[in-house]
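Colleague: I should like to understand how the terms used for a protein model are justified. May I put some questions to you about the one we are about to see?

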Amino acid sequence: MATDKSLASKVGYLKKELKNAKTQLTFSIIVLFIVSMWYSHNTIKVHKDYQSSLMSSVSQQVINEYQNHIKHRRQQIDRFQWRHQTELLDLYRQGELTEREDYLFLLKELRNEISGVRLFSIFDKQGVGVFRKITGDFLDDCQQEIDSTINNNGQEAMFLHKDSSSVHYDILQPLIGAQDLLYLFVAFEPTILKSILERYRLPQQELFLLRNDRHVEIELKESSSSTFSNVVMSEAEFSNFSNLVKIPKTRWSVGIRLSESYAKDLFWSNYQWSFIVWAVVSLLLFLSYVSQKKKSVGQLSALKQLEFSKSHDTLTGLMTRDVFSQYFNNSRSSIPENQGVAFVIDIDKFQVFNNSLGFTKGDSVLRMLAEEIKKVIPIGAKISRISNDQFAVLDSNMVHTKAQDYAHLLKSHIENLDLSNIEESLSLTSCVGVVKINAEVVDSEHLMSSLLLTLKLAKSKGRNQVLLYQSDDPELAQHAQEMEIYYAIQRALNEDNFQLYRQEIRSNSSNYENSVYEVLLRMFDSMGNIVSPALFIPIAEQHSLAAELDKWVIARAFKNMAVSKTKDHYCINLSGQTLADPSMVGYVKQKIEQFGVLPQQVTFEITETFAITHLESAIYFIGEITKYGCQFALDDFGSGLSSFSYLQKLPVKKLKIDGVFIKNITENPRNQAFVSTMVTLAKSMEMETVAEFVETEEEFTMLKELNLDFCQGYFFHKPERWVVNEMLELASSNNLQQ
């Protein structure tokens, strides 16, 4: 069924939406997690890169400070020598005989001028200290540095010297004024070295002064105690140094490492916050998904209710007529021969009950009827409420021989239905129409029209009747003939099997160089005989096929005009259904452009009756197509009683006077007067007039005297088939396709 397919389609769409939403949720959460972790990783990397750049900067500044400090110390020592050159040389000459007081006096002067001095001495080129008696023996490390300085002619590998109680560093400068190469040795406290480390230490960093030759040993640390005791690191600890830069002309390297807490805090703070953000956003996405799911489930429920209300009668819950018809169309091919019966049930004088009891009780009666019919019908049979008090039943499995008996059973149940709870004395009777499904019943259109016609005949015979559809009944036979024509129309449309005829409309003046024709539609039966338009056109209109016929005529007429490259003018009749179709304006324009027809060569004819009864639709259609260049004629003019009052509102160019006024016009003065009046009216409105059904020369002569512009009829031209050259048609079709 169409509604079932529609529902299934929409349900499938909603389920697909939910599945897609779930997939998107999962994908979004995964992508968000990856992005969060990637962001944390990048943030940590940025922090580390920043710290690395800071450490490089700090290391360089510390090295610069150390070098400047040592350079400054040497300059201080040299300035001291210049000021105390005589005293230093005198002490050197005294050698081991130097008095302690003289040495201490000069040491005091040195300490006053240079801070951090522990002691001084003078060494000869053998590395022997001149004031050994006063200063005592030096540490082995000190002696090693002194010997290295003498051998290299300069101090190239400064380092700290430590014992159990102190630590210092030495600076050796050539003794100024001495004849031989002598060195003034000065030992300094490393306080300033430590203060430099403390000054440049940044948060989250640890600064060290390490030995190049013993890389696991810390010479100095910015946070070490004043004793400057040795600190020996493991290889694993040493590998954690983020920055290690050597200080020129020393055995030192400046080492920086990030504190353990920094690395740990940086890692956990970034990943923790990223995880929290991810969890919160994921929760919001999940809640959004849950909300969307609830909404979709609600929509699905509402959709089912909506589809149910569209496909089922709101009062009785039965399927609607459209759904019933669609069900039959879908199941028709599977109904076996000699099986399948349809019933239509109409309650006798139900409107009387409604008016007397009230609509509320009337609705209750209909609901009870629906429930009663559902109890009676076999399993698998379908029931529909097709109008106010009419019900249809279809049993695809019922054999034809049981059809009438079952119809009487239905009628009996309705007649015996207990309605005392609604109205004490209320009882119902019904008429039941029966149609056996056979080869003639090909679709729901045929079935429903057969059912309703059978019901109509049953009701005409009185109340409480059962009537079986039989082809020998005159009215049913006529209906069968109409349905045959209806299917013939459908086949002709599907197979492009109509034919166009044309009849000339003769001009009564010499102003027209080209011919004018009216386009006529013809249909043939299976024996090749023409089916009268007066027969198949009303049936097409009754079954809403008139607009499709007009489209076929328009397309084929334009194609013929394009193929023949004619300059003749063609008039095409349009039905009322066509004018009421909003899409027809666009269709006409599209076909004109497709076939390259000049709009000025086309006139559309509409009947006066429809133009008057559907004035607004007619005015819109005529106005739009007229703007495009086509013309309009009012057909059968004079058949309406109020034509004159509406004529001025319709932008038509021609009036085709109804043929009833033309026949026998020579013998009927009233018709002559009427036609004369209509011609005068048309002339006053600058319209042309056309006389139909002109069959004799006498009629033609009189019509010319009455100043009609055109005449049409068998006297001039009988309708003939409109044939175009097949080769031209094939070539034109190829050009149009290209």
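The conversation below takes up sheets, a surface patch, burial and backbone angles in turn.

Modeller: Please note at the outset that this is a predicted model.

Colleague: What makes S1 and S2 edge strands of their sheet?

Modeller: The sheet is open and has 4 strands, in the order S1-S4-S3-S2, with antiparallel pairing. Strand S1 (117-123) and strand S2 (160-162) each have a single partner strand, so one side of each is left without a neighbour in the sheet. On average, neighbouring strands here are turned by 30 degrees against each other, direction ignored.

Colleague: How do you know that S2 and S3 are paired?

Modeller: Two strands count as paired if there are at least two bridges between them. S2 and strand S3 (residues 167-174) are joined by 3 bridges and run antiparallel, so they meet that requirement. One position to look at is Lys-162, whose bridge partner in S3 is Val-167.

Colleague: Which helices lie across this sheet?

Modeller: Helix H3 (residues 100-113) lies across S1 and strand S4 (183-188), at about 125 degrees to S1. Helix H5 (residues 140-151) lies across S1, S2, S3 and S4, at about 25 degrees to S3.

Colleague: What is the strand order in the sheet that contains S10, and which strands are at its edges?

Modeller: That open sheet has 5 strands in the order S11-S12-S10-S13-S14, and its pairing is mixed. Strand S11 (382-387) and strand S14 (466-468) are the edge strands, as each pairs on one side only. From one strand to the next, the twist averages 20 degrees. Helix H9 (residues 321-331) packs on the sheet, where it touches S11 and strand S12 (390-399). Between strand S13 (residues 430-436) and S14 there are 3 bridges in the parallel sense, and Val-432 stands opposite Val-466 in S14.

Colleague: Why is Ile-276 called partly exposed?

Modeller: The term covers values between the buried limit, under 20%, and the exposed limit, over 50%. Ile-276 has 33% relative accessibility, so it counts as partly exposed. Ile-276 is found in helix H8 and belongs to a nonpolar surface patch that also includes Trp-273 and Phe-275. Together the residues of the patch have about 1,100 Å² of accessible area. H8 supplies the largest share, 8 residues, while helix H1 (2-83) also supplies at least two.

Colleague: What makes strand S21 largely enclosed?

Modeller: A residue is buried when its relative accessible area is under 20%. In strand S21 (residues 631-637), 5 of the 7 residues are buried, so the strand is largely enclosed by the rest of the structure. S21 pairs with strand S20 (residues 602-607) in the parallel sense over 5 bridges. With strand S22 (residues 654-657) S21 also runs parallel, joined by 3 bridges.

Colleague: Why is Glu-686 called exposed, and what is its phi?

Modeller: Exposed means over 50% relative accessible area. Glu-686 has 70% relative accessibility, so it counts as exposed. This residue lies in the loop between helix H22 (669-684) and strand S23 (688-691). Its phi is positive, about 60 degrees, although Glu-686 is not a glycine. Most residues other than glycine have a negative phi.

Colleague: Where does Asn-707 lie, and what is its phi?

Modeller: Asn-707 lies in the loop between helix H23 (697-705) and strand S24 (710-711). Its phi is near 70 degrees, a positive value in a residue other than glycine.

Note on methods. Residues are numbered from 1 along each chain as its sequence is written. This is a predicted model: local features need pLDDT of at least 70, side-chain atom pairs count only at pLDDT 80 or more; totals for chains, interfaces and linings use all residues. Side-chain values use heavy atoms; hydrogens and water are left out. Axes are lines fitted to C-alpha atoms, for helices over the stretch in contact, and angles run from 0 to 180 degrees between N-to-C directions. Contact means heavy atoms within 4.5 Å. Patches are made of residues with over 30% relative accessible area and no salt bridge: like charges are joined within 9 Å, nonpolar side chains (Val, Leu, Ile, Met, Phe, Trp, Tyr) within 5 Å. Accessible areas come from the Shrake-Rupley method with a 1.4 Å probe; for residues, only the protein chains shown count as cover. A salt bridge is a side-chain nitrogen of Lys or Arg within 4 Å of a carboxyl oxygen of Asp or Glu. Buried means under 20% relative accessible area, exposed over 50%, partly exposed in between (1.4 Å probe, protein chains only).
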